[in-house]
Number of protein chains: 2
Amino acid sequence: MKPIKFSVAREKLEQDILDAAKRLFAQRGYGGVSLDHIAKAVGASKQNLLYYFPSKEALYRRVLHGVLDVWLSYMDALSQRPDDPEQALREYIAGKLRFSREHPDDSRVYANEVISGAPIFAAEIAERVIPSVQADVAIFNRWAECGLCRQVDGRHLMVLLWASTQVYADWSSQISLVLGKQELDEADFAAAESLIVDMVLRTVLLPSRPDHGDATP
Amino acid sequence: MKPIKFSVAREKLEQDILDAAKRLFAQRGYGGVSLDHIAKAVGASKQNLLYYFPSKEALYRRVLHGVLDVWLSYMDALSQRPDDPEQALREYIAGKLRFSREHPDDSRVYANEVISGAPIFAAEIAERVIPSVQADVAIFNRWAECGLCRQVDGRHLMVLLWASTQVYADWSSQISLVLGKQELDEADFAAAESLIVDMVLRTVLLPSRPDHGDATP
DNA sequence: GTCTATAGCCCGATAGAC
DNA sequence: GTCTATCGGGCTATAGAC
């Protein structure tokens, strides 16, 4: 009984540490955060924190691992509707924008690591993210081959989808200034979604022509 | 004569320090870089560096100031062709992509500062960037009013233009992984430009109809 | 598991010789 | 202008009492 109770308390503190570390890493980057900052944010001592995590870098890796889990969980939307490009892209964009809205710190930690050249996580990105992206690109190319959508470079399209959705998390401070408000609200995200969906569908979908099947030589 | 010679040498070292600091701040963020790192990168001592700049934060501000100059110098393309939306947008996108290709570290320093919530540069961004953006948005709205382009939210369009172009500097490490090469080359930037221009023009330009003036009720 | 104590190093910044 | 020397403090991490 006691071990269970202890274990629960232990896991709660461990999770609190990971959450606080994520928030601080997102804001100031790896080098801008000390173990003392994180410890104080959860009301513990730095030494206690080092009891749960063997080193600062190990803690950072755990944070990044969790961030990658969340990032990838919003990325499988394309494969959900393998025969309907329009609906698949609508859901993909909506999902990635929901990620930016619901998990801005995850987005920022990931962005910080990528901007730095992914010094610590290049291997994990190559193993987990790239295959996921390539799967999406493959789905895209199949649509184009089947005549379900226009021929566009799926790899650059994926880049554009990340960029246009994650910017609403990573750049929210500057976007708020542009929009003249303290922070982004639901209406702003709805406006963003509307524009991005409009752009992507105009680019990717074939011009509707239910009568004829071929236009270019 | 001597004062001039000294002055020249002084300005050269000062510029070397700023360049090295920019590169390191881009890679590791403000907190991840020490004065010693920067000093060693230019072959000087940390004390000597503090002779040229009164403090680390003052040096960072000088770097950010220069970054903002470059960033803004690529942003006035819209006003150059106030009567030709298509050409103006083509040049704006090409210019911002050239910025990402020619000044990736400037882009990353700026991105790092914005992701952190612009703790140091919020005031300067509000004073210099926001008016520039609002000028672009105003040009855009005028085009829409004059019937030169479709009615889209100029503010979100500007966000999308930054995001889709800067991502090729800030996220180059991950994009390289996706494209399966060591670093991005001219052809990759050309492909990006082609896709972004295509998307934006499809979204913004009116459907060509030289015969009639109204389609929607 | 959490505490105090501390090792050993790196940090930004200053003082003063030359 | 550049140097050596150094201050005072923060840093990661470890040791050991309880």
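Biologist: Which helix gives the most to the surface near DNA strand C?

Modeller: This is a predicted model, in which local features need pLDDT of at least 70, side-chain atom pairs count only at pLDDT 80 or more, and totals for chains, interfaces and linings use all residues. Residues are numbered from 1 along each chain as its sequence is written, chains are lettered from A and ligands numbered from 1 in the order in which they are written, and side-chain values use heavy atoms, with hydrogens and water left out. Helices (DSSP runs of H or I, at least four residues, numbered from the N terminus) that each supply at least two residues of this surface are α1 (2-28) and α3 of chain A and α2 (35-41) and α3 of chain B; a residue is near a strand if one of its heavy atoms lies within 4 Å of it. With four residues, the one that gives the most is α3(A).

Biologist: What share of the atoms of DNA strand C within 4 Å of the protein is sugar and phosphate?

Modeller: Strand C has 17 residues around it, and Q47(A), Y52(A), S34(B), L35(B) and K56(B) come nearest. Sugar and phosphate account for 58%.

Biologist: Which residue places a backbone N or O atom 2.8 Å from a phosphate oxygen of DNA strand C?

Modeller: Polar contacts are pairs of N or O atoms within 3.5 Å. The side chains of N48(A) and S34(B) each put a polar atom 3.0 Å from a phosphate oxygen of strand C. The backbone atom at 2.8 Å belongs to K56(B).

Biologist: Which helix gives the most to the surface near DNA strand D?

Modeller: There, α2 (35-41) and α3 (46-52) of chain A and α1 (2-28) and α3 (46-52) of chain B each supply at least two residues. Four residues come from the one that gives the most, α3(B).

Biologist: How far is the side chain of Y52(B) from a phosphate oxygen of DNA strand D?

Modeller: S45(B) has a polar side-chain atom 3.5 Å from a phosphate oxygen of this strand, and for N48(B) the distance is 3.0 Å. For an N or O atom in the side chain of Y52(B) it is 2.7 Å.

Biologist: What relation links chain A to chain B?

Modeller: Superposed by least squares on the C-alpha atoms of residues with pLDDT of at least 70 in both, chain A can be laid on chain B with an RMSD of 0.0 Å by a turn of 180° and a shift of 0.0 Å along the axis. That is the relation of a two-fold axis.

Biologist: How many residues of α7(B) are buried?

Modeller: Helix α7 (residues 104-115) of chain B has twelve residues and reaches 16 Å from first to last C-alpha, close to the 16 Å expected at 1.5 Å a residue, the expected span being 1.5 Å times one less than the number of residues. Buried means under 20% relative accessible area, with a 1.4 Å probe and protein chains only. Among the buried residues are D106(B), R108(B) and Y110(B). Of the twelve, the number buried is ten.

Biologist: Is A118(A) buried or exposed?

Modeller: A118(A) is in the loop between α7 (104-115) and α8 (122-145) of chain A, and has a positive phi of about 55° although it is not a glycine. Most residues other than glycine have a negative phi. At 6% relative accessibility, A118(A) counts as buried.

Definitions and conventions:
Polar contact = N/O pair within 3.5 Å; in protein donor to acceptor, adjacent residues only side chain to side chain. Buried < 20%, exposed > 50% of the residue type's maximum accessible area, 1.4 Å probe, protein only.
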